[in-house]
Amino acid sequence: MKTSLILPGVFLMVGSLQAASLDWDNGAVTNVGWHTATNWAGDILPGSTTNHSVILNGPADAPYVVQDISPANSFDITLRNEAELTIEADLLNVDAFYLGPNAGNGGGTVVHNNGTVAAKQINVGASATALSDSVYTLSGEGAVFTSADLSVSRGTFRVDGAEAVVSVGNNLNLSAGGKLVFELGEYAPAQFDVAGTLSVNAAESVLTVDGSFYRGGSGRFELIRFSGISGSFAATNVVIKGFKANQSASIAVDTDSLDLIVTTDAVADVDGQLWFSVTPNAGTPSAVSSDLQLNNGHHASTLASSDLTCVQTRDGNDLIYTVGWSGNDFDADGTADTLTFDLRVTGYAGTSFIYSTDAGGSSISALGSAGLATVSDGRWGVGADADLDEGESLLVRVENVQFSVPGFAASGYGFTKFGLNEISGYNHAHIRGEGIGSNLDSGVINYPTDYEFSSLNPLMVTCAGNGSGAGFQVDAIEFNLTFNDPEQEPVWDVSDYSYMKDGIGFVEPYPEQKPGVEFPEFSWDQVPLWLAVRNLSAYSEEQISTIATNYQLVMLEKSNKNGLTYTEAGQLKMAADLKAVSPDIKVITYWNSGLHYTDFEADLTYDLENWSRQEVDSDGAVTYALQRGTQYKYDFSIEAMRDWWVNVALTMASNENVDGVFIDVPAVENTHFYDENGVPTEDRAIMLDALRSAMPANKMLVGNSLRSEHLNGGRQLMECFDGSYLERWDMWDRESLIDQTEGDVIVNSIQLMREALALGKMINLQSGPEGPGIDEDPAPTGSSNMATRRAYAEKYVDFPLAVFLIVAETNAYFGYNMGVNAIEESYNDDVWDASYITALNRPLGAPLGDPVRNGYIYTRSYEHVDVWVDVDSKETVFAWDSADTDADGLNDLWEYRNFGNVTNAIPSDNPDFDAYSNEEEYIAGLNPNVFDTFEIHSFTNGDTLEWDAVSGRLYTVYWASNLVDGFSLIESNLMNGVYVVPETDEQGFYKITVELEP
């Protein structure tokens, strides 16, 4: 079915052959709004009278349409000599729209971000002999383009994303040099309809498809619908770029459309998870692509993808959604396999319940009789009225899971979210759970509300009463399905995001870190620390000593004047002072790639007026784009600005006391940092790459790069950076296909950090107080309360420290504070230094293996501590061998490993009934749950005693000529379980004793 968005009556008026020229004058100087009369010659707005031919001539002619333009009279528009028109609102009743119409003159540019453009005729690059190409770019959710005819000659018509709409009432003609560019949206291209003929100059017309932002799977998508086609694109003139390494794409033409075919290699996963979101309309003729969505950790698919299908049927009173998926290679044999399952929706009436407003206080005692599961307005209900009234329930379950590969099974599935919508009225109460039972949760809605939970299977929603009006309905449901080959051991692949409930667009792993960059000297002796700090005043000798002796890496923040005039001078002085105390400390300096901060000497050479990004308000007035009303934003399209920015960073990096540069706000929105040819994909990437290329070979370039909240987690930036600072590691991706909880986000962040470390990158985790109960325990304020604030920081260090220790590998560093300001004035209450915290000073030791994940729970063992953490509830357990929580003489680590808790063992007990109490087993390093002994196990060749030594113990050897006269000390403070008997020793008896190392 073709869609036409040509507005009625738009093309009824025909301009006079004697059109009056109306030049852009910009008489208001600071006001570039199209709708302002003084911006036009003669103070007349285009279309206010008949016969207007609007002329935009030259780069200074750059009006904005920011209010709807719908004049009574039609008018022509001409752009030439690099003039630019930005459209943010409706621009209607245009007769002829010419970009670059004159031989010997330059072209014009239109940036169409929002609103509807309606014209009788649009010519992009109207003159094939113009001096430069013209470009019309259509992007944005509200951008609609309608024209009776569209011609592209020396120019480009570009459609970005999936939300814009193009409707051509008659024909689309691509002449010699005419180019069409499609930048795909996340899951599909934009809608492009041509009611008549698509005419292509086979020799020179160019078609480009950019899949850089595409996150979906296999599918066939219509790029252009038409009634007929004349000519075709030469194979050499079709450019397809930006797709992932496991994807291929091609162009095909059928009778009424030009199509893009995307083929995605099946994901080879012998174990993993699939995340689904389904709405009631899925599998029906009225379904849209988003009614069923899937994320397998490598890409996200919708019903627009050929590898995801759904059919809705009825089984008696029940609704059945039969889902098919063919985007995984479950047995890793190189061939796509299939998964099918049914989602069954069952209705009940007369459910028996007890409702309570207390959490976990409700219960269901009987489901009641069968009810008809129905769908109305895209939502589920029960009975003819298609809603849930009091005592009506919906039960949703997954069943009939089948894999095409023998032996594979769904080891578990659970529902994680559903939405409720009221029809009318207020105070709609519900109970949710898994069916009949107690300890069920409840809620009341007065507007659409989503409920999230760890996992329910099946999912049941019961109406517990409607305060007023009709009942409520259930809409989109999310659930996950875990699969595995029972004969295969699950392997944690740090570049496999199939267990991530987030929809991170999978891009192939970035390259390993190249050798040569000098990271900080790394040690597992204690928690490796890094610090971000600033001070407008001079640092004290005590502060310098504290930093230099406790931290391996320091990032000198912005606003770091250190008592001097400019930040650069203050940073360099502090770097030299730190190196004087600790030559091995690594120091990096702050530089922002997005915002222009003052207090830098470089500000004296910054061209604020010409290098700062501009914005247009609703009146068409140009203002500078500001962050928080103070910081100017850089315009990356200005080459001179990029050169200035790079040179400032290089000047700092070249100093002998500086070991690298930290780049804040390095966001590059393209999925890829470099294209297939190694070329940066956008202006900011060009700037960052220029800095990367010019950096001294041994110095670090660290970015604020990895963030679960960003497209692809920011992983593309790691192609350019040696390491990543991580803040906001608990912030969700608002564009995620599947909604996330905070626990889901932290799972993602852990994966992002583990992947970076596995590839040799550096990780600097930045954190502050966090943990269970902190929302009800606000931090004390005031510099006079510093001791209490320091105690508060120590109280809530466990959770972020546990996350770090789950992540940590060589080149991982932990940062923790309550502010970065080290100024000592009385008003400052920042706890910037964490080196006083006990946990950060305990012996750590190397990890004894990789972390183990079970849902939201992670565990990991180090030489001197075991860590257990639930990243959803933020509950944390540390079992240190340097701690004794219950003061019973048994350290926490030994109790935890042997009794499952740091306080469970009783020293005098003997649970294995051998010769030793728990206390004696602890001292000897024995297992208190196994009948065993401490003894010499070898007397090799009669001259070497050997026994099983345990770390943290000291052994003493005694000798006696007989067992009557007693033993004499012959060697003490042994640690390795070996004693070599001197040749002079006489024949006799030996005894070994053991004690804890002091």
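Visitor: What makes the meeting of Arg728 and Glu709 a salt bridge?
Guide: Check the atoms in this predicted model. The side chains of Arg728 and Glu709 come to 2.7 Å, N to O. The cut-off for a salt bridge is 4 Å, so this pair qualifies. The two partners sit in distant parts of the chain, 19 residues apart. Arg728 is in the loop between strand E52 (723–726) and helix H6 (742–758), while Glu709 is in the loop between strand E51 (700–703) and E52.

Visitor: Why is Glu709 called buried or exposed?
Guide: Its relative accessibility is 11%. Buried means under 20%, so Glu709 counts as buried. Its partner Arg728 has a relative accessible area of 37%. That value falls between 20% and 50%, so Arg728 is partly exposed.

Visitor: How do you know that Lys874 and Glu770 form a salt bridge?
Guide: Their side chains meet at 3.3 Å, N to O. That is within the 4 Å limit, so the name fits. This pair also links distant parts of the chain, 104 residues apart: Lys874 is in the loop between strand E57 (865–870) and strand E58 (876–880), and Glu770 in the loop between strand E53 (762–767) and helix H7 (786–795). As for Lys874, a relative accessible area of 10% makes this residue buried.

Visitor: What does the pair of Asp599 and Lys561 tie together?
Guide: First the bridge itself: the closest N and O atoms of Asp599 and Lys561 are 3.4 Å apart. Asp599 lies in the loop between strand E45 (595–596) and helix H3 (608–611), and Lys561 in the loop between strand E43 (553–556) and H2, so the bridge joins parts that are 38 residues apart in sequence. Asp599 has a relative accessible area of 30%, so you'd call this residue partly exposed.

Visitor: How many salt bridges does a search of the whole structure find?
Guide: It finds 31. Some residues are linked in a network of salt bridges: Asp315, Asp318, Arg344 and Glu399.

Visitor: What makes the link between Thr279 and Asp291 a polar contact?
Guide: Their side chains are joined at 2.7 Å. The limit for a polar contact is 3.5 Å, so the pair passes on distance. Thr279 lies in the loop between strand E24 (271–278) and strand E25 (292–295). Leaving aside neighbours within four places in sequence, Thr279 also touches Tyr321, Trp380 and Ala476. With a relative accessible area of 16%, Thr279 is buried.

Visitor: How do you know that Ala130 counts as buried?
Guide: Ala130 has just 3% relative accessibility, and the cut-off is under 20%, so buried is the right word. Ala130 lies in the loop between strand E8 (115–124) and strand E9 (134–138). Among the residues in contact with Ala130 are Gly100, Asn102 and Arg154. Arg154 is 24 residues away along the chain, yet the two C-alpha atoms are separated by 7.3 Å.

Visitor: How do helix H1 and helix H2 pack?
Guide: H1 (residues 541–550) and H2 (residues 567–581) pack at an angle of about 60°, with their axes 9 Å apart. The crossing is right-handed. Ile544, Ile547, Ala548 and Thr549 in H1 meet Met574, Asp577, Leu578 and Val581 in H2. By kind, that's six nonpolar, one polar and one charged.

Visitor: What do the buried residues of H1 pack against?
Guide: They pack against strand E42 (530–533), E43 and H2. These buried residues are Gln543, Ile544, Thr546, Ile547 and Ala548.

Visitor: What makes Ser559 stand out in its phi?
Guide: Most residues other than glycine have a negative phi. In Ser559, phi is near 50°, a positive value. Ser559 sits in the loop between E43 and H2, and is partly exposed at 25%.

Visitor: Why is Asn973 called buried or exposed?
Guide: The relative accessible area of Asn973 is 52%, and exposed means over 50%, so Asn973 is exposed. Asn973 lies in strand E62 (residues 968–974), and phi here is positive too, near 60°.

Visitor: What is the peptide bond from Asn457 to Pro458?
Guide: It's cis, with omega near -5°. Most peptide bonds are trans. Pro458 lies in the loop between strand E39 (449–456) and strand E40 (459–468).

Methods. Residues are numbered from 1 along each chain as its sequence is written. This is a predicted model: local features need pLDDT of at least 70, side-chain atom pairs count only at pLDDT 80 or more; totals for chains, interfaces and linings use all residues. Side-chain values use heavy atoms; hydrogens and water are left out. Helices (H or I, at least four residues) and strands (E, at least two) are DSSP runs, numbered from the N terminus. Buried means under 20% relative accessible area, exposed over 50%, partly exposed in between (1.4 Å probe, protein chains only). A polar contact is a pair of N or O atoms within 3.5 Å; within protein, one must be able to donate a hydrogen and the other to accept it, and residues adjacent in sequence count only if both atoms are side-chain atoms. Contact means heavy atoms within 4.5 Å. Axes are lines fitted to C-alpha atoms, for helices over the stretch in contact, and angles run from 0 to 180 degrees between N-to-C directions. A crossing is left-handed if the near helix is turned anticlockwise from the far one by less than a right angle, and right-handed if clockwise. Ala, Val, Leu, Ile, Met, Phe, Trp, Tyr, Cys and Pro count as nonpolar, Asp, Glu, Lys and Arg as charged, and the others, Gly among them, as polar.
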